[in-house]
Amino acid sequence: MERDSFVANIAKDLGVPLSQLAARKARVVSEGNEQFFRLNQNTGVLTAKESLDREEICPQSETCTLVFKIFFENPLQLIRGEVEIRDINDNSPVFPEKEMVLKILETTPPGSRFPLESAQDKDVGSNGLQNYSLESNPHFSLAIGTGKDGGKYAELVLQSQLDREEQGELNLFLTATDGGSPPRSGTAQVRIVVMD
């Protein structure tokens, strides 16, 4: 959400007449150091003080809840509120390097596996990284696994014997895709150097 976006109508939600907001000096205070919200005493509307970006506020956290309090003076009253920040698919998966180089001996037996660097996606849940795909080729397939942290990883699996004299180098494209609608993706080149 952008700066000054509508979050809630506090007067309406609490059933407090607008005249009381100013008379009782109502104000909003966020828990923690950063103040995320602003309360307009004339309208009773709570707005975002700055743009709200879940990846900055709660990185890699599935749920992101901001807690605030409405303070009233005369008589003193405290009301607690929560705002849930929902993730949108605004980030694509990104590989740490645009090119990965693997040196593989031509005598390597089929079935051998080669781990690939994982892509990272700042979004979480279904908007996060969901799958990998490899361009079709006669020598390698892709095996996808899930790590202990729940993240997806990919490994190259050798399908057929390599021959350096026939083909000394292979260049394949690896694509990482998230589960957003529409999905976002990132690619990296896998350069395989066949060793004699």
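## From overall shape to one loop residue

In this predicted model, 61% of the contacts between residues at least 6 apart in sequence join residues that are at least 24 apart. The protein is built from 3 helices and 13 strands. Its radius of gyration is 26 Å, well over the 16 Å that the globule rule gives for 196 residues, so the protein is more spread out than a compact globule. The dimensions of the C-alpha trace can be set beside that value, for along the principal axes of the protein the trace spans about 85 × 25 × 25 Å.

Turning to the surface, 39% of the 196 residues count as buried, while the accessible surface of the protein comes to about 11,400 Å², with 48% of that area belonging to carbon and sulfur atoms. As for charge, the protein carries 20 positive and 30 negative charges, and the mean positions of these two sets lie 11 Å apart.

At the level of a single residue, Asn137 sits in the loop that runs between β9 (129–134) and β10 (140–146). Is Asn137 buried or exposed? Its relative accessibility is 19%, and because buried means under 20%, Asn137 counts as buried. The side chain of Asn137 also has polar partners in the backbone: one of its polar atoms lies 3.2 Å from the backbone oxygen of Glu135, and the side chain of Asn137 reaches the backbone nitrogen of Phe140 at 2.7 Å. Taken together, Asn137 is a buried residue in the loop between β9 and β10, with side-chain contacts to the backbone of Glu135 and to that of Phe140.

Definitions and conventions
Residues numbered from 1 in each chain as written. Predicted model: local features only at pLDDT ≥ 70, side-chain atom pairs only at ≥ 80, totals over all residues. Heavy atoms only, no water. Helix = DSSP H or I, 4+ residues; strand = E, 2+ residues; numbered from the N terminus. Rg over C-alpha atoms; globule rule 2.2 N^0.38 Å. Buried < 20%, exposed > 50% of the residue type's maximum accessible area, 1.4 Å probe, protein only. Contact = heavy atoms within 4.5 Å. Areas by Shrake-Rupley, 256 points an atom, 1.4 Å probe, with all protein chains shown as cover. Lys, Arg positive; Asp, Glu negative; His and termini not counted. Charge placed at Lys NZ, Arg CZ, Asp CG, Glu CD. Polar contact = N/O pair within 3.5 Å; in protein donor to acceptor, adjacent residues only side chain to side chain.
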